[in-house]
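Subject: Handing over the structure

Hello,

I am passing this structure on to you, together with some notes to help you find your way around. Please have a look at it first and then read on.

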Amino acid sequence: MDTNRHRPHLSRRRILKGAALAVVPYALLPDARAGAQGAVDYPPAEWQPATSGNYTASDRPASYAVDRVIIHVTQETYPNTLAIFRNPQKKVSAHYVVRSADGHVAQCVREADIAWHAGNWDYNTRSVGIEHEGWVDQPVYFTNALYEQSAKLTAAVCTKYGIPKDRDHIIGHYEVPGTDHTDPGPDWDWVRYIRLVNFA
């Protein structure tokens, strides 16, 4: 133990300031999560930002009209997907990720910005990309909670941008021109999903 260290002088003013802070109710102090929660466009979502090198900053819909929602399946776990979006070497992101078990939603890119999810620049500029935890050949990941919470998110996006809630405007990644992806795959229940979107 260093006993030769200089000890700070406790002035009357310093003591009074400390005492005043001690009686301030915690409710009056800023919430440490306030900045993160304020970043989301969809209030139930948790902010889990992608690295800025994995999307293009923009000011949509002023810069580009938003007229599509693109449905994806991650081919990864939820935490691994978030880690991929934070890795600047991956050059990929989506606006949202929906967890399989409980439908929890993470927002990774602001809707005003262009996520790199479709593999087609034109479609990236005009869409909101929603990833769903799971694999195209393992429908057990498409839980009731995942469908229900994703449908609420898609309905909110469609309402915000005036996007019709139909299969012409809510599309799968496999429907993007030039893609080699197959998600969300043949086990994705489009009839159920569009119905849930319309009743959300």
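Below is what was found, from the overall layout down to single residues.

Please keep in mind that this is a predicted model.

**The overall layout**

The protein contains six helices and eight strands. Read from the N terminus, the order of elements is α-α-β-β-β-α-β-β-β-α-β-α-β-α. Of its 200 residues, 40% are buried. Contacts that link distant parts of the sequence are well worth a look here: among contacts between residues at least 6 apart in sequence, 72% join residues at least 24 apart.

**The sheet and two helices across it**

A good place to start is the open sheet, which has six strands in the order β1-β5-β4-β7-β3-β8 and mixed pairing. Its edge strands are β1 (46-47) and β8 (170-172), each of which pairs on one side only. As general background, the strands of a sheet pair through backbone hydrogen bonds, and they do so either parallel or antiparallel.

For one pairing in detail, look at β4 (residues 96-98) and β5 (residues 105-107), which are antiparallel and joined over three bridges. Tyr 96 has Gln 107 in β5 as its bridge partner.

Which strands does helix α3 lie across? Helix α3 (residues 78-86) lies across β1, β4, β5 and β7 (127-132), and it runs at about 165° to β4. Helix α6 (residues 190-199) lies across β3 (68-73), β7 and β8, at about 150° to β8.

**Aromatic rings**

How many aromatic pairs does a search of the whole structure find? The search finds nine. One of them joins Tyr 42 and Tyr 96: the ring centres are 6.4 Å apart and the planes stand at 85°, so this pair is edge-to-face. Tyr 42 belongs to the loop between α2 (34-37) and β1, while Tyr 96 is in strand β4, so the pair ties together parts that are 54 residues apart in sequence. Both Tyr 42 and Tyr 96 are buried.

A second pair is made by Tyr 147 and Trp 188, and this one is tilted, with 4.8 Å centre to centre and 45° between the planes. Here the pair ties together parts that are 41 residues apart in sequence, because Tyr 147 lies in helix α5 (residues 144-161) and Trp 188 in the loop between β8 and α6. Tyr 147 and Trp 188 are both buried. They also belong to a cluster, in which ring pairs link Phe 142, Tyr 147, Trp 188, Trp 190 and Tyr 193.

Trp 190 has a charged companion too: Arg 167 lies over its face, at 3.7 Å from the ring centre. Likewise, Arg 99 has its charged end over the ring of Tyr 78, 4.9 Å from the centre of that ring.

**Cysteines**

How many disulfides does the structure hold? The number is zero. Cys 108 has a relative accessibility of 1%, so it counts as buried. Cys 158 is buried as well, with a relative accessible area of 1%.

**Three residues to click on**

Ser 52 is in the loop between β1 and β2 (55-56). Is Ser 52 buried or exposed? Ser 52 counts as exposed, because its relative accessibility of 56% lies above the cut-off, which is over 50%. From Ser 52 to Lys 91 the distance is 9.7 Å, C-alpha to C-alpha, and the two are 39 residues apart in sequence.

Ser 100 sits in the loop between β4 and β5. Its relative accessible area is 7%, so Ser 100 is buried. If you leave aside neighbours within four places in sequence, Ser 100 is in contact with Glu 133, Tyr 141, Thr 143 and Leu 146.

Asn 124 is part of helix α4 (residues 121-126). With a relative accessible area of 5%, Asn 124 is buried. Beyond its neighbours within four places in sequence, the contacts of Asn 124 include Arg 60, Ile 114, Trp 116 and His 117. Asn 124 and Thr 56 are 68 residues apart in sequence, and their C-alpha atoms are 9.7 Å apart in space.

Enjoy exploring it, and best wishes!

Note on methods:
Residues numbered from 1 in each chain as written. Predicted model: local features only at pLDDT ≥ 70, side-chain atom pairs only at ≥ 80, totals over all residues. Heavy atoms only, no water. Pairing = 2+ DSSP bridges. Helix = DSSP H or I, 4+ residues; strand = E, 2+ residues; numbered from the N terminus. Contact = heavy atoms within 4.5 Å. Axes fitted to C-alpha atoms, helices over the stretch in contact; angles between N-to-C directions. Disulfide = S-S within 2.5 Å. Buried < 20%, exposed > 50% of the residue type's maximum accessible area, 1.4 Å probe, protein only. Phe/Tyr/Trp six-rings, centres within 6.5 Å; stacked < 30°, edge-to-face > 60°. Lys NZ or Arg CZ within 6 Å of the ring centre and 35° of its normal.
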